[in-house]
Amino acid sequence: MANDLFNSFMSGPDENGRFGLFGGRFVSETLMPLILDLEAEYEKAKTDPTFWAEMDYLWKHYVGRPSPLYFAERLTEHFGGAKIYMKRDELNHTGAHKINNVLGQIILARRMGKTRIIAETGAGQHGVATATVCAKFGLKCVVYMGAHDVQRQSPNVFRMRLLGAEVIPVTSGRGTLKDAMNDALRDWVTNVHDTFYCIGTVAGPHPYPAMVRDFQSIIGKEAKEQMAEAEGRLPDTLVAAIGGGSNAMGLFYPFLDDPSVNIIGVEAGGRGVDDRMEHCASLTGGRPGVLHGNRTYLLQDDVGQILEGYSISAGLDYPGIGPEHAWLHDTGRAQYVSITDAEALEAFQLCTSMEGIIPALEPSHALAHVAKIAPDLPKDHLICMNLCGRGDKDIFTVAKHLGFDMSDTEGREAK
Amino acid sequence: MTRIEAKFTALKAANRKAFVAYMMAGDPDLATSAELMKGLPDAGVDVIELGVPFTDPMADGPTIQAAGQRSLAAGTVLQDVLDMVATFRKTDNETPIVLMGYYNPIYSRGVDTFLADAKAAGVDGLIVVDLPPEEDEELCIPAQKAGLNFIRLATPTTDDKRLPRVLQNTSGFVYYVSITGITGAAEAQADGVGPEVARIKAKTDLPVVVGFGIRTPEAAQSLAGVSDGAVVGSAIVSKLASGAPIPDVLDFVATLAAGTHRG
């Protein structure tokens, strides 16, 4: 397909919201009219220069874009192979790529006359970004978060509450990100007249996967220009971490029709991708199914019941993956690998100590894969990895795993 | 003619409203739920809606979600639900059975295999919440070809422009969702629902039954009064979950049926 002059990897989805087999609109009838409205509004906005003028202004002055493309010199020397560049989306306002998309959806919500915004969040980054933009525009914001995540991400919960959002701990099901998404969908069905559902990743019913991708594509567009400026050419390899897959889709999308660019998505391998299913690697360890409005690869048992994902990183802890990734996987345009908790933790420390950048655990997975491939690549091979979030939110988790007692004021290691 | 079509034809001839009762298969275990199911026709139930448990029931409220979790915890799989229907059919070849659930367990089994097995077991119709008309090629059209009714939900957000599309491949009956919300939530009101049912009936010859938010015999009576029948689910599931013995649950079902039949 890649060699077909008339085909492009950038033309999806089709009018039914499909990327090949994947995607679609698997939602209840109550939501269908709204989803069709949203699609129509988004199609209008996409070609409306005033929409993009507002986005560009806010991206620049509120988010701080463009984010730098940084040459990681010491890591490059350390691995002794490919040249490593980092797309610094962790420098965005609110500390991750999430706000790129939230701005787009909230501006759209305002155009649609919606006054109440709901969101689901896992690690809390999407919730914080949504609460932030709602505060800026004076919109009511309700964030659904798994009760388990509320506990392990308490600083983000406090942030959201400071920003004026109502955070609802979700105890239904097993109280994780997927249950938070279920409850957000239930809220939406109930309050469909005034409520806009701001989805945080490239999943959900059409048009969300395409819309979120388009908003996140600013990452790849900038990276392409910045790499041209730095090296005078395209990168050779792109690497990004994947939970639902929005930061990865944002980096990958503008390069899909550049056949020389090797594209690698890194899933969370948790404690290892095997029969214990203690991971979130939907592509490596799952199979196609239908959940949350789209068909995609899912972690599920042999009779189609959905399994919980597990990862050290709450942001990757989701049993599905965006449908476009499922399609890129099946067509072979992108390659998907997995990285374990232990490997990610090691990369987290390496990045911190060698570059002075504390990465979130999500991009630590991407860096861990870079660490695997960079040493064997030639010195003129250009890798661009997405440093999609900063690690402040993760220091408690990392401390716990490294056996460091944060409550000990003398900084001794825990016994 | 499916059992559903035969039942509604008979009800219409008798000038009677349909009472549709929902229960979750396998809640709290297969034996108990089979016993409940067996007693439903004598309690006055015209159509049985049998819930198929799913881990992520996005359109359901806490009551039915909890029932699904109990069922899954007891080990219920789709095959058990079909076996339950087949056993029921040994003693009752008339009461229509509609399976209600979500698409993934069916997709996982394989649509064609599922449809053949469901038909063989004695299932008459399907309600699959996460398959709107936009996804008709997935299951709706194959189901009708296999001789099963595909019952669609129409909702307060289904406007006139969209209604023909919703009705297009619907068969058996139309299930009007009386509220924007999830099962077992807000109370449905007959004054609001009546004109909506009339709006739908103007566009189809199919019977229109009303569900979501009906908890009492009085509510069933008033909603059935403005439609062709009423569906009660969460209230029955709650009664069973409260620990009431099966005969008590069936007594409660009988009051709901009587309410509906007065409507």
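Me: Which is it for A:Asp179 and A:Lys178, buried or exposed?
Reply: This is a predicted model, where local features need pLDDT of at least 70, side-chain atom pairs count only at pLDDT 80 or more, and totals for chains, interfaces and linings use all residues. Residues are numbered from 1 along each chain as its sequence is written, chains are lettered from A and ligands numbered from 1 in the order written, and side-chain values use heavy atoms, leaving out hydrogens and water. Buried means under 20% relative accessible area, exposed over 50% and partly exposed in between, with a 1.4 Å probe and protein chains only. By that yardstick, A:Asp179 and A:Lys178 are buried.

Me: How far apart are N and O in the salt bridge of A:Asp179 and A:Lys178?
Reply: A salt bridge takes a side-chain nitrogen of Lys or Arg within 4 Å of a carboxyl oxygen of Asp or Glu. These two side chains meet that rule, with N to O at 3.8 Å.

Me: How many residues separate A:Asp258 and A:Lys224?
Reply: This pair forms a salt bridge too, its closest N and O atoms 2.8 Å apart. Helices (H or I, at least four residues) and strands (E, at least two) are DSSP runs numbered from the N terminus. A:Asp258 sits in the loop between helix H11 and strand S10 of chain A and A:Lys224 in helix H10 of chain A, so the pair links distant parts of the chain. The separation is 34 residues.

Me: Which of B:Arg3 and B:Asp124 counts as buried?
Reply: Their salt bridge brings the closest N and O atoms to 2.5 Å. It ties together parts 121 residues apart in sequence, because B:Arg3 lies in helix H1 of chain B and its partner in the loop between helix H6 and strand S4 of chain B. At 22% relative accessibility, B:Arg3 counts as partly exposed. At 4%, the buried one is B:Asp124.

Me: Why is the sulfur of A:Cys388 not bonded to the one in A:Cys351?
Reply: A disulfide is a pair of cysteine sulfur atoms within 2.5 Å, and the structure holds 0 of them over all chains. The sulfur of A:Cys351 is the closest to that of A:Cys388, but it's too far for a bond, at 12 Å.

Me: Which strands are the edges of the open sheet S7-S6-S5-S8 in chain A?
Reply: Two strands pair if DSSP finds at least two bridges between them. The pairing in this sheet of 4 strands is parallel. Each edge strand pairs on one side only, and the edges are S7 (166-170) and S8 (195-197).
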